[in-house]
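Me: I would like to go through this model step by step, with the cut-offs stated as they come up. Please take a look at the sequence and structure below before we begin.

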Amino acid sequence: MRETPDPVPYVEGVHLQRTDEKAHEIEALAAVLGTPVGLEGLLDNLKWQGRRSRLPAKLLGRAVSEAYTWDDYDQRDTRWWPQGISTSADSSDTEDIAGRRVLVTTWYSHEVDGTNHGSRVTFLDLDTLRYRHVLLVLPTIDKHGLLALKPMKIHAGGIVWAGDWLHIAATKRGFVSARVDDIMRVPGDDEHGDDFGYDGTRVASYGYRYVLPVRFTYKAFTDDGHDQLRYSFMSLDRRSDPPALVAGEYNSGTAPTRLARYQLDPATWQLETGDDGFSRPLEVDDGGVVRMQGAVLAAGRYHVTVSRGPWLPGTIYTGQPGALRPRKFALPMGCEDLTYWPSTDRLWSLTEHPHRRWIVSMKRSFFD
């Protein structure tokens, strides 16, 4: 007789609950903008040109073996700040999208001239280094049954590209999810506009030629007697079966620095949900380090980035929660999120400060 497996030992204290899907709202947006072009349509129309760093990789960090930069405008832009990173190696077992090796990054907007443009994602082809920004938007239906549009204002400190889904960290709010098949082209915009919204006839998107509507939010909740978990960054854990989403929190001083793992359904790439409608973590470890910016599991160990500000090199900690050991001067200043590419055994990260923005690759074996 076949034995029934034991139930998964979920951890109490913090949990997430998915909101209703904005299917109707996204259909209304598509009725205005036309059929979504999806990711492949976007990849066929990449616009901006990245390049290899002019500085030797090792000068950027002891662990760095490859380094790339954005074009001159994105290098110096003070409105948009890079944060999260994931890759087609997270999205697909073949590690590519239609034969392309692709990075996706997140950016959040500072307020400039009284406006905050929210957050965006950027898809970069690793072979050509061409890329395109896509503005994240939140479609709604107002009380009169009419379409309205808002910029998605989140810090976007981390991202997991799982299947067709982008899960994007939203700090105390939890995280938001968008589907790459929903990428839509906005006619007439030139990526330098100042207007945003829908006036009943046309969509304005701060000049962005492409927008991506958010489908739902995983809202964060805390049980009585527990500290709220901040979803500052995220990564994909493929070591487990089924896979899991890793989330961690940036904090300083004596505030908690926890790392949590949530089980994913590999058929849908959404969080597993209990009978009560909540998604609870498989584990929560209160053994992180102060000022964590990103964390990923690779070769059975955590690898954690810690920034030391805009002028000092970054650190990577490795090991298990509660016993993480630092490798100083491993990364450039302002290091952020972290992701892992299994077949090449490489870690990828990025940095945020204007004029000091790099996308970097490291051999994981450097930390053995």
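Me: How many bridges join strand β4 to strand β28, and in which direction do the two strands run?

Reply: This is a predicted model, in which local features need pLDDT of at least 70 and side-chain atom pairs count only at pLDDT 80 or more, while totals for chains, interfaces and linings use all residues. Residues are numbered from 1 along each chain as its sequence is written, and side-chain values use heavy atoms, with hydrogens and water left out. Strands are DSSP runs of E with at least two residues, helices are runs of H or I with at least four, and both are numbered from the N terminus; two strands pair if DSSP finds at least two bridges between them. Strand β4 (residues 64-69) and strand β28 (residues 359-363) run antiparallel, and the number of bridges joining them is 4.

Me: Which strands form the edges of the open sheet that holds β4 and β28?

Reply: The sheet has 5 strands in the order β3-β4-β28-β27-β26, with antiparallel pairing. Within it, Tyr68 stands opposite Ile359 in β28. An edge strand pairs on one side only, and here the edges are β3 (51-52) and β26 (335-341).

Me: Why do the buried residues of α1 line one face of the helix, and within what arc do they fall?

Reply: In α1 (residues 23-33), the buried residues are Glu25, Ile26, Leu29, Ala30 and Leu33, where buried means under 20% relative accessible area, exposed over 50% and partly exposed in between, with a 1.4 Å probe and protein chains only. On the other side of the helix, His24, Glu27 and Ala31 are exposed. The cover over the buried residues includes β8 (130-141), β9 (147-151) and β16 (210-222), judged by contact, that is, heavy atoms within 4.5 Å. The buried residues line one face because, seen down the axis and taking the directions from that axis to the C-beta atoms, they fall within an arc of 140 degrees.

Me: Which residue in the turn between β22 and β23 has a positive phi?

Reply: Strand β22 (residues 292-298) has 7 of its 7 residues buried, so it is largely enclosed by the rest of the structure. It is joined by 6 bridges to the antiparallel strand β23 (residues 301-306), and Ala298 stands opposite Arg301 in β23. The two strands form a hairpin with 2 residues between them, and the turn residue with a positive phi, of about 55 degrees, is Ala299.

Me: Is Glu249 buried or exposed, and which residue's side chain makes a polar contact of 2.6 Å with the side chain of Glu249?

Reply: Glu249 is found in the loop between β18 (244-248) and β19 (259-265), and it is buried, with a relative accessible area of 0%. Its side chain reaches the backbone nitrogen of Arg230 at 3.1 Å, and its C-alpha atom is separated by 6.8 Å from that of Met292, 43 residues apart along the chain. A polar contact is a pair of N or O atoms within 3.5 Å, where within protein one must be able to donate a hydrogen and the other to accept it, and residues adjacent in sequence count only if both atoms are side-chain atoms. The side chain joined to that of Glu249 at 2.6 Å belongs to Arg258.

Me: At what distance from the side chain of Ser205 does the backbone oxygen of Tyr208 lie?

Reply: Ser205 lies in strand β15 and is buried, with a relative accessible area of 0%. A polar atom of its side chain and the backbone oxygen of Tyr208 are separated by 2.7 Å.
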